[in-house]
Amino acid sequence: MFLSKNAGVLLFSAIIALTLAITTSAQIRGEIDVRGTIEKLNSDDPAGRGLAACLLGEARAAESIPDLIESLGDNEPIDQVACGARGRFARYEPARSSSPGTEAARSLGAIGAEAFAPLIEVLRSKNAHARENAVFALGIIHDKRALKPLLSVFKDRSPQVRQKTVWALVALKEQDDTVLPLIDALFDENSGVRQRAAWALGIVRDERAVKPLILAAQDEVPSVRERAVWALGVYRDERAVRPLIAALRDEDPVVREKAAWGLGTKRAGNAVEGLIEALQDESAGVRERAAWSLGIIKDERALEALSAATRDKDPKVRKHASKAIDLIRRQQKIKY
């Protein structure tokens with residue numbers, strides 16, 4: 001059987017990538033004493049335990065799975081994020097602080113399929129931190145078999161577990177099965193869960209979420225409103241325009257900024273007056289986004305206000321106002 005030139009190139013690239021991954025893992029294994037590193041998971045120093053967990057994951061040391069599983073409940077805080085700051089681990093929800101349990105979760109996620117079954121068992125643990133970190137690891141592995149077990153813990157009594165489950169469900173990319181549970185999470189008693197759910201629904205972009213997100217844009221907690229307004233800005237749905245215009249008057253400047261941005265992404269011509277008013281907002285971030293959006297919409301009614309905004313005290317506002325004027329003038333030349 002002969003391969004096409006493109007298929008051959010792709011196959012060769014895949015082989016090279018796999019070889020490099022195996023070689024790198026082998027090199028790391030050669031650089032560490034796996035047994036000795038496993039023993040360091042019981043160190044008195046939490047930062048040392050976190051680093052040991054990280055090294056075992058980088059080495060893909062499958063024999064360390066039982067010990068890493070035991071470490072998932074270790075929630076003692078550490079300042080340095082061992083795995084989150086290192087190479088391939090950096091994309092797994094990097095954070096400014098961590099715990100040995102979180103580092104163990106990253107490593108179990110990196111080890112992959114061999115850790116799947118033990119992680120599913122941890123979802124029934126009495127230790128909430130262990131359950132949370134197990135959910136995190138399952139999200140990293142993104143094995144579709146995790147969908148049903150993750151949905152079963154979506155009503156976990158720990159809000160931290162529920163928050164992490166939102167993230168893990170998005171990581172699985174099983175939109176049809178996760179949208180309705182994520183919509184339910186918009187009304188969770190915990191604001192952190194509601195905030196995560198709004199973020200998640202902005203990622204999955206399912207139109208069934210638009211009405212619930214409009215309600216969430218009126219949440220009592222600013223961070224939830226901010227995420228809901230951002231999500232509405234992502235959707236190409238005209239139903240989101242009026243709520244976004246209303247959000248330009250929100251008491252929280254971050255919400256107003258996201259609203260101004262969302263109206264630009266929608267090229268909402270009926271939002272021009274609200275955006276012109278937003279050029280006078282006390283927040284420079286809101287003024288900047290309003291100027292940007294007016295440049296996207298390209299409505300001549302904004303020229304006078306944008307001209308005034310070119311003298312704004314904030315350089316970013318001046319920059320976007322000038323660019324918006326250029327875009328509108330260019331549109332005028334095309335029109336006439």
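What follows is a guided tour of the structure, stop by stop, for use with the model open in a viewer.

This is a predicted model, in which local features need pLDDT of at least 70 and side-chain atom pairs count only at pLDDT 80 or more, while totals for chains, interfaces and linings use all residues. Residues are numbered from 1 along each chain as its sequence is written, and side-chain values use heavy atoms, with hydrogens and water left out.

**The whole chain**

Begin with the full chain in cartoon view, which shows 19 helices and zero strands. Helices (H or I, at least four residues) and strands (E, at least two) are DSSP runs, numbered from the N terminus. Of the 336 residues, 52% count as buried; here buried means under 20% relative accessible area, exposed over 50%, and partly exposed in between, with a 1.4 Å probe and protein chains only. Switch to a surface: the accessible area of the chain is about 17500 Å², and carbon and sulfur atoms hold 51% of that. These areas come from the Shrake-Rupley method with a 1.4 Å probe, and for residues only the protein chains shown count as cover. Among contacts (heavy atoms within 4.5 Å) with a separation of 6 or more, 65% join residues 24 or more positions apart.

**The nonpolar core**

Next, select Leu-72, Leu-108, Leu-119, Leu-201, Leu-213, Leu-275 and Leu-306. Within the largest nonpolar core, which has 97 residues, these leucines touch the most other members. Such a core is a set of buried Ala, Val, Leu, Ile, Met, Phe, Trp, Tyr and Cys residues joined through side-chain atoms within 4.5 Å. Helix 7 contributes the most to this core, with eight residues. In soluble globular proteins, nonpolar side chains tend to be buried together.

Centre the view on Leu-72. Setting aside neighbours within four places in sequence, the contacts of Leu-72 include Gly-101, Ala-104, Ala-105 and Leu-108, and also Leu-119, Val-122 and His-129.

**Helix 5**

Select residues 100-111, which form helix 5. This helix of 12 residues reaches 16 Å from its first C-alpha to its last, close to the 16 Å expected at 1.5 Å a residue; the expected span is 1.5 Å times one less than the number of residues. Is helix 5 enclosed or open? Since 12 of its 12 residues are buried, helix 5 is largely enclosed by the rest of the structure. Polar and charged names appear among the buried residues, including Thr-102, Glu-103, Arg-106 and Ser-107. To see the cover, display helix 3 (46-58), helix 4 (65-71), helix 6 (116-122) and helix 7, which are among the elements lying over these residues. Gly-112 follows helix 5 and has a positive phi, near 90 degrees.

**The aromatic pair**

Now show the side chains of Phe-136 and Trp-167. They make up the one aromatic pair in the structure, with an edge-to-face arrangement, 5.3 Å centre to centre and 70 degrees between the planes. Rings of Phe, Tyr and Trp (its six-membered ring) pair if their centres lie within 6.5 Å; planes under 30 degrees apart count as stacked, over 60 as edge-to-face and the rest as tilted. Phe-136 lies in helix 7 (residues 128-141) and Trp-167 in helix 9 (residues 159-172), so the pair ties together parts 31 residues apart in sequence. Both Phe-136 and Trp-167 are buried.

**Two loop residues**

Which residues other than glycine have a positive phi? His-142, with phi near 40 degrees, and Lys-173, with phi near 60 degrees, are two to select. His-142 sits in the loop between helix 7 and helix 8 (147-152) and is partly exposed, at 48% relative accessible area. Lys-173 belongs to the loop between helix 9 and helix 10 (175-185) and is exposed, at 71%.

**Arginines over rings**

Move to Arg-145, which lies over the face of Phe-116, 4.1 Å from the ring centre. The criterion is that NZ of Lys or CZ of Arg is within 6 Å of the ring centre and within 35 degrees of the ring normal. Arg-289 likewise lies over the face of Trp-292, at 5.9 Å. Arg-289 is in helix 17 (residues 284-297) and is partly exposed, at 28%. Beyond four places in sequence, Arg-289 touches Glu-257, Ala-260 and Trp-261.

Finish at His-320 in helix 19 (residues 315-335), which counts as buried at 18% relative accessibility. Trp-292 is one of the residues that His-320 touches, together with Glu-288 and Ala-291.
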